[in-house]
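Okay, thanks for coming, everyone. I'd like to walk you through one protein today, so have a look at it first and then we'll talk.

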Amino acid sequence: VMNDIITTMFNKKFMEELFKPQELYSKKALRTVYDRLAHASIMRLNQASMDKLYDLMTMAFKYQVLLCPRPKDILLVTFNHLDAIKDFVRDSPGILNQVDETFRQLIETYSCLSAGEFQLIRQTLLIFFQDMHIRVSIFLKDKVQNSNGHFVLPISGSVPWGTEVPGLIRMFNRNGDEVKRTEFTTDGNYVTPQREGSFDLYGDRVLKLGTNMYSVSRPVETHTSGSSKNLASHAKENITPNPLAKEELNFLARLLGGLEVKKPGGSETGFRLNLFTTDEEEEHAALTRPEELSYKVINIEATQEPGRRAELSRILGELEVAEPRPASSGKGEDLLALMDGL
């Protein structure tokens, strides 16, 4: 299952679409892509479990972006994600090569950006998530999230790389010479980082944001807070047609054209993943979830538009896995052989 999902996520054409310069797309578009990725294997989730998985993903990522010591560290968080993914597929050289290729694209595209450009990326991401305040028990227990779903920013810990521990004010004259020093006390307990995290393909990232937050065994739940209901109602989409809707659907069609979805077939009947303790709890969550926070999967019908149909056909025709596969590959390993019906 992990191999299928990761193979789909790092498909060459899918990555090419993601790396093209583009406007930030809507929450519905993100949710649609996420649904397709989550169902890229024989695993299936119903609506309630899918909502819960999406809530965990979005809030965890929001927490990581919010707590980055400096804007450029968003890249280190991403590298931590990719390092963990590589660990999942370390015994599959072909898939590992796909992830490494994306790693190299990230380094080539983002390592040369300025601090200001990284700050713009960080602010754009935080604006995207600013109205999402879903409580997650793992954050509530660690006291990094309040009962209203807002995150708590620490006033202690390691300062950003390249900065000094606060507590000293220096004054300079017009010639740039230091003429006076004033010390002040801070409420936090700050430390200087020993070294900067590695921005290379391999290395110690130092930053722990983006690593496994489930390393300590504990139950995890999501609860929709009262404030998130109010915020969601304010953010409810206008029923007036959006003139950009067609462009977004066209973009989504291109994006999903690079996604392979494995359909259960033959003796592979698939299995269902339930993120709740019981089926009854899952059904109750589906009924009680506010409508404003639920996302319906967008079905894109491109067959009525000749130009779009030709574009999707071209994308699908170029899907290929260049890496050699072992002769004795396991059943279902070749996703392309199972994707004729996409």
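**A buried aspartate and its surroundings**

Let's start with Asp-100, which is buried, as its relative accessible area is 9%. By buried I mean under 20% relative accessible area, with exposed being over 50% and partly exposed in between, using a 1.4 Å probe and protein chains only. Asp-100 sits in helix 6; helices here are DSSP runs of H or I with at least four residues, strands are E runs of at least two, and both are numbered from the N terminus. Leaving aside residues up to four places away in sequence, Asp-100 touches Lys-86, Leu-201 and Tyr-202, where a contact means heavy atoms within 4.5 Å.

Before I go on, a word on where this comes from: it's a predicted model, where local features need pLDDT of at least 70 and side-chain atom pairs count only at pLDDT 80 or more, while totals for chains, interfaces and linings use all residues. Residues are numbered from 1 along each chain as its sequence is written, and side-chain values use heavy atoms, with hydrogens and water left out.

Now, the overall picture. The protein has twelve helices and eight strands, and 37% of its 342 residues count as buried.

Lys-86 brings us to helix 5, since Lys-86 is one of the buried residues there, along with Leu-82 and Ile-85, among others. What covers the buried residues of helix 5? Helix 1, helix 4, helix 6 and helix 7 are included in that cover. Phe-10 touches both Leu-82 and Ile-85, again not counting residues up to four places away in sequence.

Helix 5 also holds Asp-83, whose side chain meets that of Arg-205 in a salt bridge, at 2.9 Å from N to O. That pair links distant parts of the chain, 122 residues apart, with Arg-205 in the loop between strand 6 and strand 7. For a salt bridge, we need a side-chain nitrogen of Lys or Arg within 4 Å of a carboxyl oxygen of Asp or Glu. Buried or exposed, what is Arg-205? Arg-205 is buried, at 2% relative accessible area, whereas Asp-83 is partly exposed at 26%.

The structure holds 13 salt bridges, so let me show you a couple more. Glu-178 pairs with Arg-181 at 2.3 Å, N to O, and with Arg-170, where the closest N and O atoms are 3.8 Å apart. Salt bridges that share partners join Glu-164, Arg-170, Glu-178 and Arg-181 into one network. Within it, Arg-181 is exposed at 52% relative accessible area, while Glu-178 is partly exposed at 36%.
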